[in-house]
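Colleague: Would you take a close look at the charged side-chain pairs in this structure? I would welcome one connected account of where the partners sit and how accessible they are.

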Amino acid sequence: MESMRLTLFLMGILLNATTLSGVKLLVHDYYEEKCPLAEDIVRHNVEVALLNNPRLAASLLRLHFHDCFVMGCDASVLLDSVEGMTSEKLAGPNVNSLHGFELIDKIKYLLEEECPITVSCADILAMAARDAVQLRGGPRWEVLLGRKDSLESSFSGANLFIPAPNSSLEVLIDNFKQQGLDIEDLVTLSGSHTIGRARCLNFRQRIYESEDEYHHGNDRYKRYTTFRRILRSICPVEGRDNKFAPLDLQTPERFDNQYFINILGGNGLLGSDNVLISQDLDGKITKHVWAYASNEKLFFASFAKSMIKMGNINVLTGDEGEIRRNCRFVNAY
């Protein structure tokens, strides 16, 4: 089954619930009668968790992203390994990197108490990501609901489809295109790097490469030089692989448009951030970056639109998949 769904991805056949004929649409009020308190339960628990640990906001957003980019938004990323199936949690982009599983477990437990076998883990991920963004100062959007949970994970898919932190612009565009996302979505969703952290292992290459790679030699006020010096103090040439730096040094815990201001100055933490400018030969992406850097409301509106679009990637609905009782395991029948 995994190989079949991966083949569909490789062929670019995206089974999107908003466009596939005969498949039940995702809707805003899916739980209005089935489980009226579902969204309130998710939001309350996300809010309490963020008060204790604001960094969880980025973790929840990243969980949703890493889930959707592997076979679709089906909560496959939450499954633990069992005999015959290796968890996506152990894949290169995820191992020792994804967090927030315990909060999802808690929310699922409370929802099972309120409405047994009703709210999917995939929908929990989508709602939690939305609430996390808003609670850190970002936009709110109406999440389309009605996803089912997958019966499998894809370790190989996680290694194949999740963009690497040192990806070239060409690779990033191709990654997003495979998911049915365009260049505007790429730029917009990259703005999620306004919150969160990255390990030294993921940005070392970027801070020890030639300065010209990211700002074309234009550093009159030594902003990039200072930025790089700060990062080198955190991340030496060797060692400290698991030391962290914020993706946005200016406003690390607030969801805003500072990310775009940063990359215009060559001050994005990851190589994959800075190539949006340095490898944009025709200037189309730079134009989007400038627009978001100068207009936060525009970025917020575009981010909400792209998150809704991403949340519809290859969803399971109707008789497909299941509603898991425990997000870590498929149901036993």
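Modeller: Asp182 has a relative accessible area of 39%, and it therefore counts as partly exposed, since that class covers values between 20% and 50%. The model is a predicted one, and the values below are computed from it. The side chain of Asp182 meets that of Lys309 in a salt bridge, with an N to O distance of 3.6 Å. This pair links distant parts of the chain: Asp182 belongs to the loop between helix H7 (169-178) and helix H8 (183-190), whereas Lys309 is in helix H15, 127 residues apart. Lys309 is also partly exposed, because its relative accessibility is 32%. Elsewhere, salt bridges that share partners join Glu39, Arg43, Arg130, Asp131 and Arg140 into one network.

In total, the structure holds 11 salt bridges. One of them is formed by Asp80 and Arg328, whose closest N and O atoms are 3.4 Å apart. Here too, distant parts of the chain are linked: Asp80 lies in the loop between helix H3 (56-68) and helix H4 (101-114), Arg328 lies in the segment after H15, and 248 residues separate the two along the chain. Asp80 has a relative accessible area of 18% and is therefore buried, the limit for that class being under 20%.

A further salt bridge joins Lys108 to Glu112, with 2.8 Å from N to O. Both partners belong to helix H4, and because they are four residues apart there, about one helical turn separates them. As for accessibility, Lys108 and Glu112 are both buried.

The same two residues lead to Arg325. Which residues does Arg325 contact once its neighbours within four places in sequence are left aside? They are Lys108 and Glu112, together with Ile117, Asn331 and Ala332. Arg325 itself is found in the segment after helix H15 (296-310). With a relative accessible area of 43%, Arg325 is partly exposed, whereas its contacts Lys108 and Glu112 are buried. A backbone distance can be added for Arg325: its C-alpha atom is separated by 9.1 Å from that of Val119, although the two residues are 206 places apart along the chain.

To return to the segment after H15, both Arg325 and Arg328 are located there. Arg328 is paired with Asp80 in a salt bridge, and Arg325 is in contact with both members of the pair Lys108 and Glu112.

Key:
Residues numbered from 1 in each chain as written. Predicted model: local features only at pLDDT ≥ 70, side-chain atom pairs only at ≥ 80, totals over all residues. Heavy atoms only, no water. Buried < 20%, exposed > 50% of the residue type's maximum accessible area, 1.4 Å probe, protein only. Contact = heavy atoms within 4.5 Å. Salt bridge = Lys/Arg side-chain N within 4 Å of Asp/Glu carboxyl O.
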